[in-house]
Amino acid sequence: MLQDYLNITVLFLVVLLGFFLAKVKWLNESSNGVFTKILLNVALPSTLILSIGKDYTKKEFLALLPNIILPALVIIFLMALSYVFSRILKIKNGSTGLFIGVCSMSSTIMMGIPITVAVYGTHGLPYALMTYASQTLIYWTLGLYLLQKDSNQPIDQKSLTKRMIKQILNMPLLAFFFGIVILLSGFIMPKFISDFFSYLGSMTSGLAMLVIGSIIYITGFQGFKFSKEILVVIVFRFVFAPLAAYTIGTALSIPAEMIKITILMVSLPIPNTTVILAKKYNIDVLFATESLSFSIAVYLIFLPVILMFMHSI
């Protein structure tokens, strides 16, 4: 466990670098947008295409696929439970969907992929992608519908469906499917092409952590309030989520490695896209931003507990 934490500490040093680069104005919201585009459309897809064929045989990967049921059930359970808590806390109707989203969704790309690689290497990526694929499908269908409903804007079903399809068919997910096709077809990638993807993929963790550090600085904590709603979000992210993954995974006799990586993936800060969508639909942007900042801050402290829990399984 100590080595895992040291590996992740290296990532957090890059986060710290991103924080200071933002402080001295080398990084800003504009550069974050550029880095994020490169990460999502170039670096990460390259990593995913390589990892599937490199670390798995066709038989091993096909045996892994049914395990996608675990993260899907965990996310749905967290959404249902957070809806119950929204009634208990009397969350106003215009923020219910947002509250459900921050309680149930994780930063699977910006933080989940780099941290999975730090702990398990590229061998853990297909497991992590099961959570990413599940969350992408749920987040950009039911989650987006709930946010649209929060906004009290008329729901244009055609426009909403188009947006859902566009977000679901993103480059990381398409690269994941492309990697599966290469693996199942038995195609051997020429070395110069695999080297090319390898160079591009090596940027993934660095870019993601620089952007996270910059976001922390730009967001800041001034004027933020640690409310009971934020406390519930923290409990969902770092207590309910890992316990749900462990309980459901054990009940379904899911392989231990899948349970561990699912725990790692669902026990993350909220995705920064939640803040972007809150701004787009004009839904309690302050609460979304507070949830992002406090979940990142608490995660840095809580991570050793999550790692200890994983290694006890």
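# Loops, helix packing and a surface patch

Me: Where does Lys25 lie?

Reply: Lys25 lies in the loop between α1 (2-23) and α2, and I should say at once that this is a predicted model.

Me: What is its phi like? I mean Lys25.

Reply: The phi of Lys25 is positive, about 75 degrees, although Lys25 is not a glycine.

Me: And is Lys25 buried or exposed?

Reply: Lys25 counts as exposed, because its relative accessible area is 61%, and the cut-off for that class is over 50%.

Me: OK, what about Asp284, where is that one?

Reply: Asp284 sits in the loop between α14 (273-281) and α15 (285-312), and it has a positive phi of about 40 degrees although it is not a glycine. With a relative accessible area of 29%, Asp284 is partly exposed.

Me: Switching to helix packing, at what angle do α4 and α13 pack?

Reply: Helix α4 (residues 69-88) and helix α13 (residues 256-266) pack at an angle of about 40 degrees, and their axes are 10 Å apart. The crossing in which α4 passes α13 is right-handed.

Me: Which residues make that contact?

Reply: On the α4 side the contact is made by Leu70, Pro71 and Val74, while α13 contributes Met258, Ile259, Thr262 and Val266.

Me: Now Thr47, which helix is that in?

Reply: Thr47 belongs to helix α2 (residues 29-55), the helix that follows the loop holding Lys25.

Me: Why does Thr47 count as buried?

Reply: Thr47 counts as buried because its relative accessibility is 12%, and buried means under 20%.

Me: What is Thr47 in contact with, leaving aside its neighbours within four places in sequence?

Reply: With those neighbours set aside, Thr47 is in contact with Leu125, Gly201 and Thr204. Of these, Gly201 is also the residue at which helix α10 (residues 191-201) ends.

Me: Speaking of α10, how many salt bridges are counted?

Reply: The count comes to 1 salt bridge, and in it the side chains of Asp195 and Lys191 meet at 2.8 Å, N to O. Both residues lie in helix α10, 4 residues apart, which is about one turn of the helix.

Me: How exposed are Asp195 and Lys191?

Reply: Asp195 is partly exposed, with a relative accessible area of 30%, whereas Lys191 counts as exposed at 61% relative accessibility.

Me: Different topic: which residues form the nonpolar patch on the surface?

Reply: The patch is formed by Ile165, Leu169, Met171, Leu174 and Phe177, which together have about 450 Å² of accessible area.

Me: Which helix gives the largest share of the patch?

Reply: The largest share comes from helix α9 (residues 171-185), which supplies 3 residues of the patch. Phe177 lies in that helix, α9, and it counts as partly exposed because its relative accessibility is 42%, between the limits of 20% and 50% that bound this class.

Me: Last one, where is Val235 and how far is it from Ser295?

Reply: Val235 has its place in helix α12 (residues 228-251), and it is partly exposed, with a relative accessible area of 28%. Although Val235 and Ser295 are 60 residues apart along the chain, their C-alpha atoms are separated by 9.7 Å.

Methods. Residues numbered from 1 in each chain as written. Predicted model: local features only at pLDDT ≥ 70, side-chain atom pairs only at ≥ 80, totals over all residues. Heavy atoms only, no water. Patch = residues over 30% accessible without salt bridge, like charges linked within 9 Å, V, L, I, M, F, W, Y side chains within 5 Å. Areas by Shrake-Rupley, 256 points an atom, 1.4 Å probe, with all protein chains shown as cover. Salt bridge = Lys/Arg side-chain N within 4 Å of Asp/Glu carboxyl O. Helix = DSSP H or I, 4+ residues; strand = E, 2+ residues; numbered from the N terminus. Buried < 20%, exposed > 50% of the residue type's maximum accessible area, 1.4 Å probe, protein only. Axes fitted to C-alpha atoms, helices over the stretch in contact; angles between N-to-C directions. Left-handed = near helix turned anticlockwise from the far one by under 90°. Contact = heavy atoms within 4.5 Å.
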